[in-house]
Amino acid sequence: MFSGCSGVTNIGKIINARPNNMSEMFDYCAKLRYLPEFVNLNLSGMHGWINANFSSMFSSCYSLREIPEDFLKQLYGAMTITSYTLFSGGFYNCYVLDEIRGLNPQTGTITSNAFYNTFDYCYRLKDVIFALQDD
């Protein structure tokens, strides 16, 4: 959607989006500091798609400061067992990202390296706090 928009600094609100794949959605948005607000984000179209994943979603977002926990919570329902790459390269080259709270990988059996290169070159990243599973 915004892959390669290297000059974008602010996106604003995204209303009623219904993606079926969020891979590389903000890839190379080098000047983007904060994610847009997603209003009525509908991820129901992501279920059952073999490529429905979040790989390289924020790759090379050099200026990205934070990933809102509520945004990560919205992604959970879309993660399926077919999302075999999940967050592969997800935050790669996010140089100034300080912390990620509420990261919640899918439940079930993961048979591949779902976090391959996910946090490479995140120089300032101090904490990755995974969400607790609901019982």
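**Exercise 1. Work out whether C94 is buried or exposed.**

Solution. C94 has 0% relative accessibility, so C94 counts as buried. The cut-offs are: buried under 20% relative accessible area, exposed over 50%, partly exposed in between, with a 1.4 Å probe and protein chains only.

A quick word on the ground rules. This is a predicted model, where local features need pLDDT of at least 70, side-chain atom pairs count only at pLDDT 80 or more, and totals for chains, interfaces and linings use all residues. Residues are numbered from 1 along each chain as its sequence is written, and side-chain values use heavy atoms, leaving out hydrogens and water.

**Exercise 2. Find out how many disulfides the structure holds, and check C5 and C94.**

Solution. Start with the bond itself: a disulfide is a covalent bond between the sulfur atoms of two cysteines. Here, a pair of cysteine sulfur atoms has to lie within 2.5 Å. Now take C5: its closest cysteine sulfur, in C29, is 5.3 Å away, so that is too far for a bond. Next comes C94, which is in no disulfide, as the nearest cysteine sulfur, that of C122, is 5.1 Å away. The total is 0 disulfides.

**Exercise 3. Describe where C122 sits and what C122 is in contact with.**

Solution. First, look in the loop between β4 (99-103) and β5 (127-130), and there is C122. (Strands are DSSP runs of E, at least two residues, numbered from the N terminus.) Then check the cover: relative accessibility is 9%, so C122 counts as buried. Finally, leaving aside neighbours within four places in sequence, C122 is in contact (heavy atoms within 4.5 Å) with F91, C94 and Y95.

Notes:
Helices (H or I, at least four residues) and strands (E, at least two) are DSSP runs, numbered from the N terminus.
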